[in-house]
Amino acid sequence: MKRFSLVVLVLSLASAFVFFLGGAMLELGPTAIDLRAPVAVHLAESGVTHPVTAVLLNYRGYDTLLEIAVLLLALLAILAVVGEAPASPTRAAHPVLQALARLAVPLMVVVAVYLLWAGAFRPGGAFQAGALLAAAAVLLHLVGLLPSWSRPRLGLRIGLAAGFALFLAVAAGLLTQGSLLQYPPAAAGVLILLIESGLTVSLALILAGLFLFLSREAEA
Amino acid sequence: MSTGFIFALTGAILFAAGLAGVVLIGHLLRRILAFNLMGSGAFLVLVGLAQRQDVVDPVPQAMVLTGIVVAVAATALALALVRKLHALTGQLELPDDVDA
């Protein structure tokens, strides 16, 4: 009975929340600060022509720098939680599934490279490319072609940290020019592509690691 | 009523549903799912409200893109903790702290 009244209470509070928030959103006037015009005005000197990429990697580079740091931190925390366990042998899936994965993964890699390149002028970029590469790794693992990861060796550790380190190095290098992450307009495009390439590799490894480090105990 | 407002209202509903789930559901896996529902709702509100005049604003979109990646990392960490809890205690629910 107590449980039932709790459910009713929570559901009615949630409904009231939606009701009042919806009403507030209907009453909402035009935004006090409109950032669309400044974004469009400075797009020419940002080094890319797609506004979202310009916001992510130029105007608000701090966000992206700290984001990759958060991802790395999450992976380190997972490694600490999972502890040491031997990599377990994977079970091979049906041959048809394996053949399909062998066909799909090269295509996924090609599309990931395209997404990375396209990020400068249309929707795309490092995060989408990294997620696609990680999905390819997870697909290979699920059909039994890629074993789950045990304790990361030196190469994998460098790969995991490379994106963050590269981004931080570029940001620190720009301190000599002025402030942190303030690209000179002439070199901005090249620097953003460099950072995005590093981010793609590290993001793919980190996101794949989130799955592959966790999956090793399941079979044990 | 613009499309952006419908997105934002859907986001508010998803957020409330997720919030109710986090409070009411004991099973930790489903609680993580409910928490993700809350996050998706917040993202929809951000993106939807920003384009309620049917003009796309790139700043909230970039923020949401960042938020999605962080949410994935947080979810993975939560799952790792749940698995550790399951391995140690065999439970998939937190001990009841009502009487404590």
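Of the 100 residues of chain B, 36% count as buried. Please keep in mind as we go that this is a predicted model. For chain A, buried residues make up 30% of its 220 residues.

Let me stay with chain B for a moment. Its secondary structure comes to three helices and zero strands, so along the sequence the pattern reads α-α-α. How spread out is that chain? The radius of gyration of chain B is 17 Å, well over the 13 Å that the globule rule gives for 100 residues, so chain B is more spread out than a compact globule. If you prefer box dimensions, the C-alpha trace of chain B spans about 50 × 25 × 20 Å along its principal axes. And for those of you who like contact maps: taking contacts in chain B between residues at least 6 apart in sequence, 62% join residues at least 24 apart.

Now chain A. Here we have eight helices and, again, zero strands. Chain A has a radius of gyration of 22 Å, where a compact globule of 220 residues would have one near 17 Å. Its C-alpha trace spans about 65 × 55 × 35 Å along the principal axes. With the separation of at least 6 in sequence, 79% of the contacts in chain A join residues at least 24 apart.

So how do the two chains meet? The contact takes 32 residues from chain B and 32 residues from chain A. On the chain B side, the elements that give two or more residues are α1 (3–24) and α3 (58–89). Which of them gives the largest share? That is α3(B), with 18 residues. In character, this side of chain B divides into 27 nonpolar, two polar and three charged residues.

That brings me to the core. The largest nonpolar core has 70 residues, and those with the most contacts inside it are A:Leu71 and A:Ile206. Helix α8 (residues 188–212) of chain A supplies the largest share of this core, 11 residues. What does A:Leu71 touch? Leaving aside its neighbours within four places in sequence, A:Leu71 is in contact with A:Leu203, A:Ile206, B:Val69 and B:Ala73. Have a look at that residue on the screen; its partners come from chain A and chain B.

A:Leu71 is also one of the buried residues of α4(A), so let's turn to that helix, citing its geometry first. Helix α4 (residues 61–82) of chain A has 22 residues and reaches 32 Å from its first C-alpha to its last, close to the 32 Å expected at 1.5 Å a residue. Its buried residues are A:Gly61, A:Thr64, A:Glu67, A:Ile68, A:Leu71, A:Leu72, A:Ala74, A:Leu75 and A:Ile78. Why do they sit on the same side of α4(A)? They cover an arc of only 150 degrees around the axis, which puts them there. As a reminder, an α-helix has 3.6 residues a turn, so residues three or four places apart point the same way. The face of α4(A) turned away from the buried side carries the exposed residues A:Tyr62 and A:Ala80. The buried residues of α4(A) pack against α3 (51–59), α7 (154–173) and α8 of chain A, together with α3 of chain B. Just after the helix, A:Gly83 takes a positive phi of about 75 degrees.One of those neighbours, α3 of chain A, holds A:Asn58. Is A:Asn58 buried or exposed? With 24 C-beta neighbours inside 10 Å, A:Asn58 counts as buried. Beyond its neighbours within four places in sequence, A:Asn58 is in contact with A:Ser46, A:Gly47, A:Tyr183, A:Ala188 and A:Ile192.

Two more helices before I stop. α1(B) has 22 residues and reaches 32 Å from its first C-alpha to its last. Its buried residues include B:Phe7, B:Leu14 and B:Phe15, and the buried residues of α1(B) pack against α1 (2–27) of chain A together with α2 (28–50) of chain B.

Last comes helix α6 (residues 126–142) of chain A, with 17 residues and a reach of 24 Å from its first C-alpha to its last. Among its buried residues are A:Phe127, A:Leu132, A:Leu133 and A:Leu140. What covers them includes α5 (95–118) and α8 of chain A together with α3 of chain B. After α6(A) comes A:Gly144, whose phi is positive, near 85 degrees.

Conventions
Residues numbered from 1 in each chain as written. Chains lettered and ligands numbered in written order. Predicted model: local features only at pLDDT ≥ 70, side-chain atom pairs only at ≥ 80, totals over all residues. Contact = placed C-beta atoms within 7 Å. Helix = DSSP H or I, 4+ residues; strand = E, 2+ residues; numbered from the N terminus. Nonpolar A, V, L, I, M, F, W, Y, C, P; charged D, E, K, R; others polar. Core = buried A, V, L, I, M, F, W, Y, C linked by C-beta atoms within 7 Å. Buried ≥ 20, exposed ≤ 12 C-beta atoms within 10 Å, placed from the backbone. Rg over C-alpha atoms; globule rule 2.2 N^0.38 Å. Expected span 1.5 Å × (residues − 1). Arc of directions from axis to C-beta.
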